[in-house]
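Subject: Structure handover

Hello,

Please find the structure below, with the sequence. My notes on it follow.

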Amino acid sequence: MPELPEVETVRRGLAPTMEGARLTRLELRRENLRFPFTPGMADALAGRQIESLSRRAKYLLIHFEGGLTAIAHLGMSGSFRIEAGGEPATPGEFHHARSKDEKHDHVVFHLARANEPARVIYNDPRRFGFLLLEETARLADNPYLASLGPEPTGNSLSAEVLATAFADKKAPLKAALLDQTVIAGLGNIYVCEALHRSGLSPKRAAGTLVDRKGRPKPQLGLLAECVRDVIAEAIVAGGSSLRDHIQTDGSLGYFQHTFRVYDREGEACPNPGCGRPVERIVQSGRSTFFCAACQK
DNA sequence: AAGGGAGCCTGGCGGC
DNA sequence: TGCCGCCAGGCTCCCT
């Protein structure tokens, strides 16, 4: 999926259309995605105005008037797109216009706005995503949000925070950084990229970056900085948009062109004076790309 | 009890 | 051209 930068890009793309609009109808075209939609969700949200869109880790939060929030997760292959216009004039109209990929249009937000109506459509071929409803006041206790670690943006991610999480950890750095309770929002791509930038091996035990007193070693500070940098740069670039994920406006993000190691097995390490072929290994079932010369 | 692996799904790609 | 196996951005659960 969409990792944090992609979800943030989606949020920014949807906000102008959704914020302030009224949801005239929430159309659920099947009973479930990864799991069933919250029972009664469509009825509960119909007619409500959308106050704002926010994001926590990889979750998109759609805040409605009256204290309800829809929590959307894009799984591996979820994407949103915006279409102008309201409900089709005849029931068959959608079916007529349907192309191959539209069979994976699972949710449609029908929106009434001051100028013109619009539809926001959630498409997800693999259906690893989900959509559920929560009371806004209870968001912090929602099981999906409650245990998340700090965002890798702003100042909340520090070497000290990582030191606490990494102390005595024997798990490899790759796994530790993918753990959403340590840092919220990192995925396979940005973990690989951050580790390459910081010169740390994905195989290294996380605990080796913490000293005996539980203080962060200098390399841990560098790692925190690299994580923040790579995420910030990716957000500026509009996400990576690999394969089936596109931005809400249909254009591709640019960050994928700046990957240093991700999906570059066999290519030369871009570090000045290195050039060693990037290696691909498998860690806990996922591909890891790294340079064995630069990352120790 | 932390860490590794399977499973959830569909589609695209390379190899034969 | 067709079929087959492998791979994919995430997350939870189960097993050791």
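This is a predicted model. The notes start at the DNA, move to backbone geometry, and end with the aromatic rings and two histidines.

DNA strand B

Which residues are around DNA strand B? They are Arg34, Lys103, His104, Pro125, Arg126, Arg127, Phe128, Lys169, Lys170, Ala171, Pro172 and Ser284. By class, six of the residues on this surface are charged, four are nonpolar and two are polar. Looking from the other side, 57% of the atoms of DNA strand B within 4 Å of the protein belong to sugar or phosphate, and the rest belong to bases.

Three polar contacts to the strand can be given with their distances. Lys103 places a polar side-chain atom 3.1 Å from a phosphate oxygen of DNA strand B. Lys170 also faces a phosphate oxygen of the strand, but through a polar backbone atom, at 2.9 Å. For Arg126 the partner is a base oxygen of DNA strand B, which lies 3.0 Å from a polar side-chain atom of the arginine.

Positive phi angles

Arg127, listed above among the residues around DNA strand B, has a phi near 60°, a positive value in a residue other than glycine. Its place is the loop between β7 (118-123) and β8 (130-135). Is Arg127 buried or exposed? Neither label fits: its relative accessible area is 30%, so Arg127 is partly exposed.

Asp263 is not a glycine either, and its phi is positive at about 60°. This residue sits in the loop between α8 (218-237) and β9 (279-283). With a relative accessibility of 45%, Asp263 is partly exposed, because exposed would require over 50%.

Aromatic pairs

How many aromatic pairs does the structure hold? The count is 11. In one of them, the ring centres of Phe80 and Phe109 are 6.5 Å apart and the planes meet at 50°, so the pair is tilted. Phe80 belongs to strand β5 (residues 79-84) and Phe109 to strand β6 (residues 105-112), so this pair ties together parts that are 29 residues apart in sequence. Both Phe80 and Phe109 are buried.

Phe255 and Phe259 form an edge-to-face pair, with 5.9 Å from centre to centre and 65° between the planes. Phe255 has a relative accessible area of 2% and is buried. Phe259 is at 6%, so this residue counts as buried as well. Ring pairs also link Phe255 and Phe259 into a cluster with Tyr190, Tyr262 and Phe289.

Two histidines

His196 is found in helix α7 (residues 188-198). Its relative accessible area is 2%, so His196 is buried. Which residues does His196 touch, not counting those up to four places away in sequence? The contacts are Arg260, Val261, Cys269, Pro270, Asn271, Cys291 and Gln295.

His257 is in the loop between α8 and β9, the loop that also holds Asp263. His257 has a relative accessible area of 57%, so this histidine is exposed. From C-alpha to C-alpha, His257 and Gly67 are 41 Å apart in space, and they are 190 residues apart in sequence.

Regards

How values were computed: Residues are numbered from 1 along each chain as its sequence is written. Chains are lettered from A and ligands numbered from 1 in the order in which they are written. This is a predicted model: local features need pLDDT of at least 70, side-chain atom pairs count only at pLDDT 80 or more; totals for chains, interfaces and linings use all residues. Side-chain values use heavy atoms; hydrogens and water are left out. Helices (H or I, at least four residues) and strands (E, at least two) are DSSP runs, numbered from the N terminus. Buried means under 20% relative accessible area, exposed over 50%, partly exposed in between (1.4 Å probe, protein chains only). A residue is near a molecule or strand if one of its heavy atoms lies within 4 Å of it. A polar contact is a pair of N or O atoms within 3.5 Å; within protein, one must be able to donate a hydrogen and the other to accept it, and residues adjacent in sequence count only if both atoms are side-chain atoms. Ala, Val, Leu, Ile, Met, Phe, Trp, Tyr, Cys and Pro count as nonpolar, Asp, Glu, Lys and Arg as charged, and the others, Gly among them, as polar. Contact means heavy atoms within 4.5 Å. Rings of Phe, Tyr and Trp (its six-membered ring) pair if their centres lie within 6.5 Å; planes under 30 degrees apart count as stacked, over 60 as edge-to-face and the rest as tilted.
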